[in-house]
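Biologist: I would like a close look at a single part of this protein. Please take the aromatic contacts and their surroundings, and keep it brisk.

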Amino acid sequence: MTVDLSITQLIAEASLVVQLVMLVLLLASISSWAIIIRKARELRRARGGAEAFEDSFWSGGNLTEIYQNSEQPDIDSGGMERIFRAGFREFSRMRRQSPAPEPVIEAAQRAMRVALNREMDRVEQSVPFLATIGSTSPYIGLFGTVWGIMNAFLALGAMQQATLATVAPGIAEALIATALGLFAAIPAVIAYNRFANQSEQMTNRYEMFIDEFTGILQRHLQAGAS
């Protein structure tokens, strides 16, 4: 007696609970890969935008001209450029209102910090969901495996003569759930760790720019007061 142990046949003949577990894991894997592809593109654009703006900013141009160029609607600004715009806009507004340098610098820093938080929310969006998939998928798969093996042994107990051929399909379909759980979890965990590291690097890069730009604004105030 031969038993069809093909993957598609095992899934088709699996119990309803195991099939639901497999469906959940398949949807989790598809969602995970969609997030991975989208976040990889977003982080690549963020790094490219930061590099392009740094080249323009440190080329020695006038801050007002850089600000006006960044305001052009046809330019796809990056995170660092948006932080610069927020800080310079607040700096220019407060400079017209207050002659004291401390409130001007503090207001510009607050504006840049708010812009930084917005950028990091954008960069880190959906990344925690990868951690959720990575941590829960193996357990969901294990639940399907336990349920499938339990049904296999219950069916085995009802047979007068049990052979490996009668037990194998039930155990095999149960183990598919574990395999799907690992298939969904492993890429999600790897991507989460990678994106978390890249997000931290972008945060450090933005914070360094804020500190450097703050020093430039302070020198501008000192030069205007002298």
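Modeller: What follows starts with the overall layout, moves to the aromatic cluster, and then covers the charged pairs and a surface patch. The model is predicted. The protein has 7 helices and 0 strands. From the N terminus the order is α-α-α-α-α-α-α. Of its 226 residues, 37% count as buried.

Now the aromatic part. The whole structure holds 13 aromatic pairs. Take F57 and F84. Their ring centres are 5.7 Å apart and their planes stand at 70°, so this pair is edge-to-face. The cut-off behind that label is an angle over 60 degrees. F57 belongs to helix α2 and F84 to helix α4 (residues 79-97), so the pair ties together parts 27 residues apart in sequence. F57 is buried, at a relative accessible area of 4%. F84 is buried as well, at 0% relative accessibility.

A second pair joins Y67 and F88. This one is tilted, with 5.4 Å from centre to centre and 45° between the planes. Y67 sits in helix α3 (residues 63-70) and F88 in helix α4, so the pair ties together parts that are 21 residues apart in sequence. Both Y67 and F88 are buried.

These four residues belong to one aromatic cluster, formed by F53, F57, W58, Y67, F84, F88, F91, F209 and F213. F57 brings in helix α2, and F84 brings in helix α4. Y67 brings in helix α3.

Helix α3 deserves a closer look. Its buried residues include Y67, along with L63, I66 and S70. Viewed down the axis of α3, the buried residues fall within an arc of 100°, so they line one face of the helix. The general rule is that an α-helix has 3.6 residues a turn, so residues three or four places apart point the same way. At the start of α3, a side-chain oxygen of N62 comes within 2.8 Å of the backbone nitrogen of T64.

Just before that comes the loop between α2 and α3, where S59 lies. S59 counts as exposed, at 57% relative accessibility. A polar atom of the S59 side chain lies 2.6 Å from the backbone oxygen of S56. The exposed S59 thus contrasts with F57, which is buried.

Next, the charged pairs. The structure has 7 salt bridges. One of them is in helix α4, the helix that also holds F84 and F88. There the side chains of R93 and E90 meet at 2.4 Å, N to O. R93 and E90 are 3 residues apart in α4, about one turn of the helix. Are the two partners buried or exposed? R93 is partly exposed, with a relative accessible area of 33%. E90 is buried at 18%, because the limit for buried is under 20% relative accessible area.

Another salt bridge joins E207 and R113, at 3.7 Å, N to O. This pair links distant parts of the chain: E207 is in helix α7 (residues 164-225) and R113 in helix α5 (residues 101-124), 94 residues apart. E207 is partly exposed, at 29% relative accessibility. R113 is partly exposed too, at 34%. Elsewhere, salt bridges that share partners join R38, K39 and E42 into one network.

Within that network, the side chains of K39 and E42 meet at 2.7 Å, N to O. K39 and E42 are 3 residues apart in helix α2, about one helical turn. K39 is buried, with a relative accessible area of 0%. E42 is partly exposed, at 24% relative accessibility.

Last, the surface. A nonpolar patch is formed there by L16, L20, L23, L26, L27 and I30. Together these residues have about 580 Å² of accessible area. One of them, L27, lies in helix α2 (residues 16-57). L27 is partly exposed, with a relative accessible area of 48%. Helix α2 therefore carries both L27, partly exposed, and F57, buried in the aromatic cluster.

How values were computed: Residues are numbered from 1 along each chain as its sequence is written. This is a predicted model: local features need pLDDT of at least 70, side-chain atom pairs count only at pLDDT 80 or more; totals for chains, interfaces and linings use all residues. Side-chain values use heavy atoms; hydrogens and water are left out. Patches are made of residues with over 30% relative accessible area and no salt bridge: like charges are joined within 9 Å, nonpolar side chains (Val, Leu, Ile, Met, Phe, Trp, Tyr) within 5 Å. Accessible areas come from the Shrake-Rupley method with a 1.4 Å probe; for residues, only the protein chains shown count as cover. A salt bridge is a side-chain nitrogen of Lys or Arg within 4 Å of a carboxyl oxygen of Asp or Glu. Helices (H or I, at least four residues) and strands (E, at least two) are DSSP runs, numbered from the N terminus. Buried means under 20% relative accessible area, exposed over 50%, partly exposed in between (1.4 Å probe, protein chains only). Rings of Phe, Tyr and Trp (its six-membered ring) pair if their centres lie within 6.5 Å; planes under 30 degrees apart count as stacked, over 60 as edge-to-face and the rest as tilted. The arc is that of the directions from the helix axis to the C-beta atoms. A polar contact is a pair of N or O atoms within 3.5 Å; within protein, one must be able to donate a hydrogen and the other to accept it, and residues adjacent in sequence count only if both atoms are side-chain atoms.
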